[in-house]
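This briefing covers the overall build of one protein chain and then a handful of its residues. Please keep the sequence and the structure open while reading.

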Amino acid sequence: MTHDLEGGMEAELKGVLEYDNETKCLYIKSIIKDDLNPINVPIWPKGTSAYTENDRHGVKVPYHGTFLEGDTVVGGGGGVEVSNLESDCLEKGITFAVTSINK
């Protein structure tokens, strides 16, 4: 899932990418102490594509690079309303529009 939002969202994102073999979804498990949203369902920037390398699942994010399961990521963004989307991925965590991301 991708978005075309531009900046303006400043919630902290810090976590480890996890891939769920059952749902085929990529999540960001927070490593922020006492985070109210321990599992984020990332809504990636427009142009992001799925990517697999050495049996590790991840994404290629334009202008930010490649991120694979097990990678620790730091960035920002914010929660978004996705009531009009249907995906099994949305059942496991809170949606988070990623607007910046780094390793």
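In the protein chain, 56% of the contacts with a separation of 6 or more join residues 24 or more positions apart. The model is a predicted one. The protein chain has nine strands and zero helices, and its elements follow the pattern β-β-β-β-β-β-β-β-β along the sequence.

**Overall dimensions and surface**

- The radius of gyration of the protein chain is 12 Å, which agrees with the value near 13 Å that a compact globule of 103 residues would have.
- Taken along the principal axes, the box filled by the C-alpha atoms is roughly 35 × 30 × 30 Å.
- Of the 103 residues in the protein chain, 37% are buried.
- The exposed area of the protein chain is about 6300 Å², and 45% of it comes from carbon and sulfur atoms.

**The loop between E3 and E4**

- Strand E3 covers 25-30 and strand E4 covers 39-45, and Ile31 lies in the loop between them.
- Ile31 has 45% relative accessibility, so it counts as partly exposed, a class that runs between 20% and 50%.
- Not counting residues up to four places away in sequence, Ile31 touches Lys14, Gly15, Val16 and Thr72.
- For one of these partners, Val16, the C-alpha atom is 7.2 Å from that of Ile31, although the two residues are 15 residues apart along the chain.
- Asp34 is also placed in the loop between E3 and E4.
- The relative accessible area of Asp34 is 67%, and Asp34 is therefore exposed, the cut-off being over 50%.
- Asp34 is not a glycine, yet its phi is positive, at about 60°.

**The loop between E5 and E6**

- Asp55 sits in the loop between strand E5 (49-53) and strand E6 (56-61).
- Asp55 has a positive phi near 65° and is a residue other than glycine.
- With a relative accessible area of 72%, Asp55 is exposed.

**Thr48, between E4 and E5**

- The loop between E4 and E5 holds Thr48.
- Thr48 counts as buried because its relative accessibility is 15%, and buried means under 20%.
- A polar atom of the Thr48 side chain lies 2.7 Å from the backbone oxygen of Pro45.
- Leaving aside neighbours within four places in sequence, the contacts of Thr48 are Thr2, Val59, Lys60, Val61 and Pro62.

**Asn40, in strand E4**

- Asn40 is placed in strand E4.
- At 5% relative accessibility, Asn40 counts as buried.
- Outside its neighbours within four places in sequence, Asn40 is in contact with Leu13, Tyr27, Ile28, Ile94 and Phe96.

**Aromatic rings**

- The count of aromatic pairs is zero when ring centres must lie within 6.5 Å of each other.
- The ring of Phe67 has the charged end of Lys103 over it, 5.6 Å from the ring centre.

Definitions and conventions
Residues are numbered from 1 along each chain as its sequence is written. This is a predicted model: local features need pLDDT of at least 70, side-chain atom pairs count only at pLDDT 80 or more; totals for chains, interfaces and linings use all residues. Side-chain values use heavy atoms; hydrogens and water are left out. Helices (H or I, at least four residues) and strands (E, at least two) are DSSP runs, numbered from the N terminus. Buried means under 20% relative accessible area, exposed over 50%, partly exposed in between (1.4 Å probe, protein chains only). Contact means heavy atoms within 4.5 Å. Rings of Phe, Tyr and Trp (its six-membered ring) pair if their centres lie within 6.5 Å; planes under 30 degrees apart count as stacked, over 60 as edge-to-face and the rest as tilted. A charge sits over a ring if NZ of Lys or CZ of Arg is within 6 Å of the ring centre and within 35 degrees of the ring normal. The radius of gyration is taken over C-alpha atoms; the globule rule is 2.2 Å times the number of residues to the power 0.38. Accessible areas come from the Shrake-Rupley method with a 1.4 Å probe; for residues, only the protein chains shown count as cover. A polar contact is a pair of N or O atoms within 3.5 Å; within protein, one must be able to donate a hydrogen and the other to accept it, and residues adjacent in sequence count only if both atoms are side-chain atoms.
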